[in-house]
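Me: I'm new to this one and would like a careful walk through it. Could you put it up so we can go part by part?

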Amino acid sequence: MATNNNEFFDALAALEKERGLPADYLIDKIKAAIVIAVKKDYEVEDDNVVVDIDPNIGAFRASLLQDIVEEVENPHTQVSLEDAQKIRKTYKVGQRLVTPLKTKEFGRIAAQTAKHVIRQGLREGERSLQCSEMQSRAHEIITGTVTAVDAERGNIVLDLGKGGSAVLPKNEQVPGEHFTEGQMVQVYVVDVLATERGPRVTISRTHPGLVKRMFELEVPEIYDGTVEIKAIAREAGARTKMAVWSKNPDVDPVGACIGAHGSRVEKIVEELGGEKIDIIRWSEDINEFISAALSPAKVVKVELLPGETKSCRVTVPDHQLSLAIGNKGQNVRLCAHLTGYNIDIRPESGYYGEEDETPVEQPAEAPAAETTPETGKE
């Protein structure tokens, strides 16, 4: 017997629209809740309960199944042949008696159990939806709203909309940045982990991926695949070096990223609070790549050194030694990150001056680039 319940299905449709959960998911949870309610009320097992919900005709059925036996040992799960044949004379031992149930007859405890299961299912569904939403945004830029600022630790909490909320730690903020409640902030989604309490989202404003994604959104040639970002290294708030390449020989990859009169790169620099950005041409020839990566310094010679570690010796004009090294070693350090090579900087004359007569060597730390310069693959 099917019980029409337009009010039930109207509520189901409203819930689907409001929570964004698929109807099939909600129906499965409601079925599970009714099964639990029947089990509690009639002291039976899952095998003794059948629930069928059909939104197409706006009806649902709940039935109790009992085994027809000669001698009843468990009156909850079994019924005698004599009693079964009072309902239908054709019943035989071994068959099952199907008794339609009215949900109104469920006990109070059973009803409470059903409500609890449905609420739990809704929470699980919302968390799953949040996780799916955020996992689809992993390694992308999203905009969040500052909802809280921890003045002591420097951490901020961002509302990410359907993705829930996330903490932007002090060490993932660009040095010198300050935030206020209600402020809109762009962040890079580093990782998303599914937990019992919903998605745990790791976000950053210092990750090189933030700059990479900004260029992908700003430069059409990168978006359509004509220009590729092969490698990127960043010291947040100070400087970024980015190596680009074009599969179309008629397209200048560096010029495409800079834009007419520097319009494209300037927009990103402004968004990053004045962070300097060096855009260089990537090359399969590692000597050319290292030479370009050390810009704005000019390179006289690059010598790859033997050994298992990737190392090279770079000779620069005497007057460009400090330019090649950069302020506090920043230029050569970023070059090492970008290329993956330990770099030993030497002046053309071989003379370092009275204060420093040792070679300037900047070993590469863990590469900050998302791609390797040798392959250009992630």
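**The cores**

Reply: The largest nonpolar core has 26 residues, and among them Ile 290, Val 314, Leu 338, Ile 343 and Ile 345 touch the most other members. A nonpolar core here is a set of buried Ala, Val, Leu, Ile, Met, Phe, Trp, Tyr and Cys residues joined through side-chain atoms within 4.5 Å, where buried means under 20% relative accessible area, exposed over 50% and partly exposed in between, with a 1.4 Å probe and protein chains only. This is a predicted model, in which local features need pLDDT of at least 70 and side-chain atom pairs count only at pLDDT 80 or more, while totals for chains, interfaces and linings use all residues. Residues are numbered from 1 along each chain as its sequence is written, and side-chain values use heavy atoms, with hydrogens and water left out.

Me: Which elements give two or more residues to this core?

Reply: They are β11, α9 (286–293), β15 (311–316), α10 (321–325), α11 and β16 (342–347), with α11 giving the largest share, five residues. Helices (H or I, at least four residues) and strands (E, at least two) are DSSP runs, numbered from the N terminus.

Me: And what does Val 314 touch?

Reply: Leaving out residues up to four places away in sequence, Val 314 touches Ile 290, Leu 294, Val 299, Lys 301, Val 302, Ile 343, Asp 344, Ile 345 and Arg 346; contact means heavy atoms within 4.5 Å. Another core, of 21 residues, lies apart from the largest one, and its members include Ile 232, Met 242, Ile 277 and Ile 279.

Me: Switching to Asn 331, is that buried or exposed?

Reply: Asn 331 counts as buried because its relative accessibility is 3%, and it lies in helix α11, which covers residues 330–339. A polar atom of its side chain is 3.1 Å from the backbone oxygen of Leu 294. Among the residues that Asn 331 touches, not counting those up to four places away in sequence, are Lys 241 and Asp 278.

Me: How far apart are the closest N and O atoms of Lys 241 and Asp 278?

Reply: They are 3.2 Å apart, and the two residues form a salt bridge, meaning a side-chain nitrogen of Lys or Arg within 4 Å of a carboxyl oxygen of Asp or Glu. Lys 241 lies in strand β12 (residues 239–246) and Asp 278 in strand β13 (residues 276–281), so the pair ties together parts that are 37 residues apart in sequence. Both Lys 241 and Asp 278 are buried.

Me: How many salt bridges are there in the whole structure?

Reply: The search finds 17 salt bridges. One of them joins Glu 235 to Arg 333, with the closest N and O atoms 2.5 Å apart; Glu 235 is in strand β11 (residues 227–235) and Arg 333 in helix α11, 98 residues apart.

Me: What about sheets, then: in what order do the five strands of the open sheet come?

Reply: The order is β8-β7-β6-β9-β10, with antiparallel pairing, where two strands pair if DSSP finds at least two bridges between them. The edge strands, β8 (165–168) and β10 (198–204), each pair on one side only. Strand β9 (residues 184–195) is joined to β10 by seven bridges, and Leu 193 has Arg 200 in β10 as its bridge partner.

Me: Which strands does α5 lie across?

Reply: Helix α5 lies across β6 and β9, running at about 115° to β9; axes are lines fitted to C-alpha atoms, for helices over the stretch in contact, and angles run from 0 to 180 degrees between N-to-C directions.

Methods:
Polar contact = N/O pair within 3.5 Å; in protein donor to acceptor, adjacent residues only side chain to side chain.
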